[in-house]
Amino acid sequence: MSTDLSTEIQNAVDGRRNFAIISHPDAGKTTLTEKLLLYGGAIHEAGAVKARASQRRATSDWMAMEQQRGISITSTVLQFEYQDCQINLLDTPGHQDFSEDTYRTLAAADNAVMLEDAAKGLEPQTRKLFEVCRMRKIPIFTFFNKMDRPTREPLELLDEIEQELGLKTYPVNWPIGTGDRFQGVYDRRTQEIHLFERNAHGKQAAKDTMIRLGDPRIEELLDQDLYYQLKEDLELLDGLGSEFDLDEIHAGELTPVFFGSAMTNFGVQLFLDAFLDYALKPGDRKSTQGLMSPEYPEFTGFVFKLQANMDPKHRDRVAFVRVCTGKFEKDMTVSHARTGKTVRLSRPQKLFAQDRGSVDVAYPGDVIGLNNPGVFAIGDTIYTGKKLEYEGIPCFSPELFAYLRNPNPSKFKQFHKGVTQLREEGAVQIMYSSDESKRDPILAAVGQLQFEVVQFRLLNEYGVETRTELLPYSVARWVLNGWEILDKIGRLFNTMTVKDNWDRPVLLFKNEWNFQQVQGDHQDLRLSAIAPLSSGMN
Ligand code: G4P
């Protein structure tokens, strides 16, 4: 490789950070995203992101939007520059559009920001997404939002993360009061207090007032009881809290914690500055050729998500590729590991908010959108140079199950074709009852929206009207020790045995309690919430 190219890639990697936000609906993800982008000057007007999110809220609106605009709006990568660093925010869809895509996006992220509403603490969707981060061992940054409103006790919030997620915490800043009495945060990095001014910086990058801990003016600026409380809290954190350890942060074992208020743009810059210092830059990835360093000169990447266009007039599909190594250039020709075909990557798209500009070059840590004429499937690797394949993207445990019925037998062929293609694309998981007399496919999804998308697309793209019949199960576990053990055990109460697309046994339980009970009664059953990777996704 020429030294020039090697320096170019090295510089690009050093100056790049990518992350995804994991949160529960309403924690403030859209608001925080918008404020982060303000710092990068990527959007000029607060509200641009917000508008998108609220339009997205109702499913029917979302579909109408997809049709109207003819492009994908559910999946975007927002890029912005901050302090000479290019930051890629991989947008995980929230709200009702929670689906496997949300999980898969985390497979492409190098860092995660766990955003919590400080009045609520850990919420279900955040917990689920956290599990994926834990599996990948990526750094997790915690931001407690809405400090301008009454919140839970900060120490209790930390304790919840430690106890329930088993994640150590290190508060980088610490709040002074909450709600009506929120007066600012203390930054443990610089030992400065940043004073909160209500409503001062809603729409612009904030310049807040800082004061050092020993400054005599503190007595005037802070309520005395809050000042004493702060001193007490800090002593406690210094004495009993975890020590700062960057290696532990990088291993996903310790989370740096921040407090702020995205709506009033308070604490966002403090967070961003620390994030840049602590976040992992694009790193090594496991492949069939061993660990690939981003500086490896050949271009390689993998597909982590496919997005189909809802508009029948523009039936293109976009494959989202995470660049892992080397340099991507427009019009380059690459090999497609699964099929062995050669593909020319023309018309690559840069995915920024609502405009899809064209991208000429991209580096490790970037995401590009490729028009997908049916070649790409989730988990596929593309490469130049020596053949390699990246570790697949696992199937995540579905929580909603429904028979998909085709009431019109003359449409059987289209029905079958549509279901197969949507499965291959990763729009939904398909399972079948182990009872051979029940042959209708079972849709298995993590969010209701996936069912709607499947039905909508079967109708619009394959001309098949379908019905769904919800099944009363909410927990799925793959049986790692195969069919024999199930034959041995015999009938299990309140569970259904199904097979996934590769004929592997999966048990469906009514609820978590049933699952625990069965596991307790049959300890030799090896059950997993995540499908084994070996058979691949397709
Ligand atoms: P999401 O994308 O995670 O679902 O959350 P979003 O940003 O849409 O925020 C959810 C609600 O929480 C919004 O109120 C938003 O204004 C509010 N919010 C976000 N950050 C803060 C904060 O730091 N402090 C306070 N007090 N509120 C915050 P909404 O009433 O649903 O919408 P809107 O009428 O404000 O637009």
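Strands, like helices, are DSSP runs numbered from the N terminus, a strand having at least two residues. Keep in mind that this is a predicted model.

**Exercise 1. Place Val 113 and decide: is it buried or exposed?**

*Solution.*
- Start with the element: Val 113 lies in strand 4.
- Next, take the cut-off: buried means under 20% relative accessible area. Val 113 has 1% relative accessibility, so it counts as buried.
- Now look at who surrounds it. Leaving out residues up to four places away in sequence, Val 113 touches Phe 19, Ala 20, Ile 21, Ile 22, Phe 141, Phe 271 and Phe 275.
- One more pair to check: Val 113 and Val 257 sit 144 residues apart in sequence, yet their C-alpha atoms are 9.9 Å apart in space.

**Exercise 2. Work out the sheet: what is the strand order, and which strands are at the edges?**

*Solution.*
- Trace the open sheet across its seven strands and you get 2-3-1-4-5-11-6, with mixed pairing.
- The strands that pair on one side only are strand 2 (77–82) and strand 6 (168–171), and these are the edges.
- On average, neighbouring strands are turned by 30° against each other, direction ignored.
- Zoom in on one pairing. Strand 4 (residues 111–117) and strand 5 (residues 140–145) run parallel and are joined by six bridges. Met 114 has Thr 142 in strand 5 as its bridge partner.
- Then add what lies on top: helix 7 (residues 154–165) packs on the sheet and touches strand 4, strand 5, strand 6 and strand 11 (254–259). The direction of helix 7 makes about 155° with that of strand 6.

**Exercise 3. Stay with strand 6 and describe Tyr 170: which residues does it touch?**

*Solution.*
- Tyr 170 is found in strand 6, which is an edge strand of the sheet.
- With 13% relative accessibility, Tyr 170 still counts as buried.
- Setting aside residues up to four places away in sequence, its contacts are Arg 188, Ser 242, Glu 243, Phe 244, Leu 254, Thr 255, Pro 256 and Val 257.
- Pick Glu 243 from that set: it is 73 residues from Tyr 170 in sequence, but 7.0 Å away from C-alpha to C-alpha.

**Exercise 4. Compare two helix pairs: at what angle does helix 5 cross helix 6, and at what angle does helix 2 pack with helix 11?**

*Solution.*
- Take helix 5 (residues 100–108) and helix 6 (residues 124–136): their axes come within 10 Å and cross at roughly 30°. That makes helix 5 roughly parallel to helix 6.
- The crossing of these two helices is right-handed.
- For the contact, Thr 102, Tyr 103, Leu 106, Ala 107 and Ala 108 of helix 5 meet Lys 128, Leu 129, Val 132, Cys 133 and Arg 136 of helix 6. Sorted by class, that is seven nonpolar, one polar and two charged residues.
- Now helix 2 (residues 29–40) and helix 11: the angle is about 70°, with the axes 10 Å apart. This makes helix 2 roughly perpendicular to helix 11.
- Leu 32, Lys 35, Leu 36 and Tyr 39 of helix 2 make the contact with Val 268, Gln 269, Phe 271 and Leu 272 of helix 11. By class, this contact has six nonpolar, one polar and one charged residues.

**Exercise 5. How many residues of helix 11 are buried, and which are they?**

*Solution.*
- Helix 11 covers residues 268–278, and eight of its 11 residues are buried, so the helix is largely enclosed by the rest of the structure.
- The buried ones are Val 268, Leu 270, Phe 271, Leu 272, Ala 274, Phe 275, Leu 276 and Tyr 278.
- Link this back to Exercise 1: Phe 271 and Phe 275 are among the residues that Val 113 touches.

**Exercise 6. Which strands does strand 27 pair with?**

*Solution.*
- Strand 27 (residues 495–499) is mostly covered, with four of its five residues buried.
- One partner is strand 23 (residues 429–433), antiparallel and joined by two bridges. Here Tyr 432 stands opposite Lys 499.
- Another partner is strand 28 (residues 505–509), also antiparallel, joined by five bridges. Here Thr 497 stands opposite Leu 507.
- Strand 27 and strand 28 form a hairpin with five residues between them, and Asp 503 in the turn has a positive phi of about 60°.

Terms used. Residues numbered from 1 in each chain as written. Predicted model: local features only at pLDDT ≥ 70, side-chain atom pairs only at ≥ 80, totals over all residues. Heavy atoms only, no water. Axes fitted to C-alpha atoms, helices over the stretch in contact; angles between N-to-C directions. Parallel < 35°, antiparallel > 145°, perpendicular 65-115°, else oblique. Left-handed = near helix turned anticlockwise from the far one by under 90°. Contact = heavy atoms within 4.5 Å. Nonpolar A, V, L, I, M, F, W, Y, C, P; charged D, E, K, R; others polar. Pairing = 2+ DSSP bridges. Buried < 20%, exposed > 50% of the residue type's maximum accessible area, 1.4 Å probe, protein only.
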